Amino acid sequence: MIPGGGQPNMQQLLQQAQKMQQDLARAQEELARTEVDGQAGGGLVHATVTGAGELRALKIDPKAVDPEDTETLADLIVAAVQAANQNAQALQQQKLGPLAQGLGGGSGIPGLPF
């Protein structure tokens with residue numbers, strides 16, 4: 001609702017929408033460059049992902065490697081990657097959440113994970 005009952009200024013609305021779109025693109029680019037970590041097994045396995053969820057690095061402490069028990073190592077790797085992805089999702093919420101709210105509440109926006 002426009003205060004005073006006037007008509008919305010379409011040019012102003014378009015400019016605001018373009019600015020929000022630019023801010024969103026900038027935030028997504030920043031997420032793609034930002035790296036977050038996750039770990040499992042008390043630090044035996046570390047995974048690094050970008051804020052967009054792309055796996056960039058995996059470090060495995062030699063103590064975690066037991067040729068007789070590769071299943072546990074696999075579980076630790078999965079847990080570390082999941083922890084890193086959870087941290088990436090939290091970062092996405094932090095960076096993109098305020099922008100999504102500015103676009104109308106943050107729910108149901110295609111391409112956003114929340």
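**Exercise 1. Work out what share of the residues in the protein is buried.**

Step one is the cut-off: a residue is buried under 20% relative accessible area, exposed over 50%, and partly exposed in between, using a 1.4 Å probe and protein chains only. With that in hand, buried residues come to 27% of the 114 residues.

Step two is the surface. The protein exposes about 7,700 Å², and carbon and sulfur atoms supply 51% of that. Accessible areas come from the Shrake-Rupley method with a 1.4 Å probe, and for residues only the protein chains shown count as cover.

Before going on, keep in mind that this is a predicted model, where local features need pLDDT of at least 70, side-chain atom pairs count only at pLDDT 80 or more, and totals for chains, interfaces and linings use all residues. Residues are numbered from 1 along each chain as its sequence is written, and side-chain values use heavy atoms, with hydrogens and water left out.

**Exercise 2. Find the order of helices and strands along the sequence.**

Start with the rule: helices (H or I, at least four residues) and strands (E, at least two) are DSSP runs, numbered from the N terminus. By that rule there are two helices and three strands. Walking along the sequence, you meet them in the pattern α-β-β-β-α.

Now look at contacts, meaning heavy atoms within 4.5 Å. Among contacts with a separation of 6 or more, 45% are between residues 24 or more positions apart.

**Exercise 3. Trace how the strands pair up around β2.**

Two strands pair if DSSP finds at least two bridges between them.

- Take β1 and β2: six bridges join these strands, which run antiparallel. One of the pairs puts E35 opposite T50 in β2. The hairpin has four residues between the strands, and G41 takes a positive phi near 65° there.
- Next come β2 and β3 (residues 55-60), joined by five bridges and also antiparallel. V45 has I60 as its bridge partner in β3, while V49 has L55. This hairpin has four residues between its strands too, with G53 at a positive phi near 95°.
- Finally, check how enclosed β2 is: five of its six residues are buried, so the strand is largely enclosed by the rest of the structure.

**Exercise 4. Decide whether T50 is buried or exposed, and list what it touches.**

First, place T50: it sits in strand β2, residues 45-50. Its relative accessibility is 1%, so T50 counts as buried. Then look around it, skipping residues up to four places away in sequence: T50 touches L31, A32, T34, E35, V36, R56 and A88.

**Exercise 5. Pick out the residues that touch the most other members of the largest nonpolar core.**

A nonpolar core is a set of buried Ala, Val, Leu, Ile, Met, Phe, Trp, Tyr and Cys residues joined through side-chain atoms within 4.5 Å. The largest one has 17 residues, and V36, V45, A47, V49, L76, A80 and L96 touch the most other members. Two or more residues come from each of α1 (10-33), β1 (35-40), β2 and α2 (70-102). Helix α2 gives the largest share, eight residues.

Zoom in on A80. Leaving aside neighbours within four places in sequence, A80 is in contact with G38, Q39, A40, V45, H46 and A47.

**Exercise 6. Follow the salt bridges of D23 and E30.**

Side chains of opposite charge can pair when their charged atoms come close. Here a salt bridge is a side-chain nitrogen of Lys or Arg within 4 Å of a carboxyl oxygen of Asp or Glu, and the structure holds five of them.

- D23 meets K19 at 2.8 Å, N to O. Both lie in helix α1, four residues apart, about one turn of the helix. D23 is buried at 18%, whereas K19 is partly exposed at 48%.
- D23 also bridges to R26, with the closest N and O atoms 2.7 Å apart. These two are three residues apart in α1, so about one helical turn separates them. Put together, K19, D23 and R26 are linked in a network.
- E30 pairs with K95, again with closest N and O atoms 2.7 Å apart. E30 lies in α1 and K95 in α2, so the pair ties together parts 65 residues apart in sequence. Both ends are partly exposed: E30 at 31%, K95 at 27%.
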